[in-house]
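This briefing introduces the structure shown below to a reader who is new to it. The points are grouped by topic.

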Amino acid sequence: MDRRGVDDPSQLELAAATGRVFVTRNRDDYIKLTVRFYQMGAPHPGIIVIPYTLPNREPGRIARALKTWHDEHTVDESLQYAIFFLEER
């Protein structure tokens with residue numbers, strides 16, 4: 001599904017509706033959106049922020065870091081509104 005051009009709130013709403021943690025580089029906007037969703041009582045399963053130290057031109061590094069995150073977390077209600085900053089280990 002091509003979601004390019006879809007606004008940020010709609011992206012997060014879709015992630016919430018499908019029970020998916022949202023992965024983004026757009027840290028500032030999604031932190032603000034998480035606060036707004038919290039204030040509205042609209043939970044989402046969390047956000048993972050990919051830092052620019054993991055460049056797009058090296059997708060293998062991003063994939064490994066996401067796999068490590070996935071291996072260490074269970075996506076359930078305990079992650080509601082959580083914001084994670086992805087890191088390499």
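A residue counts as buried under 20% relative accessible area, as exposed over 50%, and as partly exposed in between. Arg27, at 41% relative accessibility, is therefore partly exposed. The model described here is predicted. Its aromatic pairs number three, and its salt bridges come to five.

**Nonpolar cores**

- The largest nonpolar core consists of eleven residues, among them Val21, Ile48, Ile50, Trp69 and Phe84.
- Helix 3 supplies the largest share of this core, namely three residues.
- Ala65 is one of the residues of the largest core; leaving aside residues up to four places away in sequence, Ala65 touches Leu54, Leu86 and Glu87.
- A second core, separate from the largest one, has nine residues, including Phe22, Leu33, Phe37 and Val49.

**The surroundings of Phe37**

- Phe37 lies in helix 2, which spans residues 27-40.
- With a relative accessible area of 4%, Phe37 is buried, because this value falls under 20%.
- Not counting residues up to four places away in sequence, Phe37 is in contact with Pro9, Leu12, Glu13, Ala42, His44 and Tyr81.
- Leu12, one of these contacts, is 25 residues from Phe37 in sequence, while the C-alpha atoms of the two are 9.2 Å apart in space.

**Aromatic pairs**

- A pair of aromatic rings is described by how far apart the centres are and by the angle of the planes.
- Of the three aromatic pairs in the structure, one is formed by Phe22 and Tyr30 and is stacked, with 4.8 Å from centre to centre and 25 degrees between the planes.
- Phe22 and Tyr30 are both buried.
- Tyr38 and Tyr81 form an edge-to-face pair, with 5.2 Å from centre to centre and 85 degrees between the planes.
- This pair links distant parts of the chain, since Tyr38 is in helix 2 and Tyr81 is in the loop between helix 3 (59-72) and strand 3 (83-85), 43 residues apart.
- Tyr38 is exposed, with a relative accessible area of 57%, whereas Tyr81 counts as buried at 19% relative accessibility.

**Salt bridges**

- Side chains of opposite charge can pair when their charged atoms come close.
- Asp28 forms a salt bridge with Arg27, and the closest N and O atoms of the pair are 2.8 Å apart.
- Asp28 is partly exposed, with a relative accessible area of 41%, and Arg27 also counts as partly exposed, at 41% relative accessibility.
- Between Arg61 and Glu58 there is a salt bridge whose closest N and O atoms are 3.0 Å apart.
- Arg61 counts as partly exposed at 21% relative accessibility, and Glu58 is partly exposed with a relative accessible area of 28%.
- Arg89 forms a salt bridge with Glu72, the distance between the closest N and O atoms being 2.6 Å.
- The pair of Arg89 and Glu72 links distant parts of the chain: Arg89 is in the segment after strand 3 and Glu72 is in helix 3, 17 residues apart.
- Arg89 counts as exposed at 67% relative accessibility, whereas Glu72 is partly exposed with a relative accessible area of 44%.
- Glu58, Arg61 and Glu88 are joined into one network by salt bridges that share partners.

Key:
Residues numbered from 1 in each chain as written. Predicted model: local features only at pLDDT ≥ 70, side-chain atom pairs only at ≥ 80, totals over all residues. Heavy atoms only, no water. Helix = DSSP H or I, 4+ residues; strand = E, 2+ residues; numbered from the N terminus. Buried < 20%, exposed > 50% of the residue type's maximum accessible area, 1.4 Å probe, protein only. Contact = heavy atoms within 4.5 Å. Phe/Tyr/Trp six-rings, centres within 6.5 Å; stacked < 30°, edge-to-face > 60°. Core = buried A, V, L, I, M, F, W, Y, C linked by side-chain atoms within 4.5 Å. Salt bridge = Lys/Arg side-chain N within 4 Å of Asp/Glu carboxyl O.
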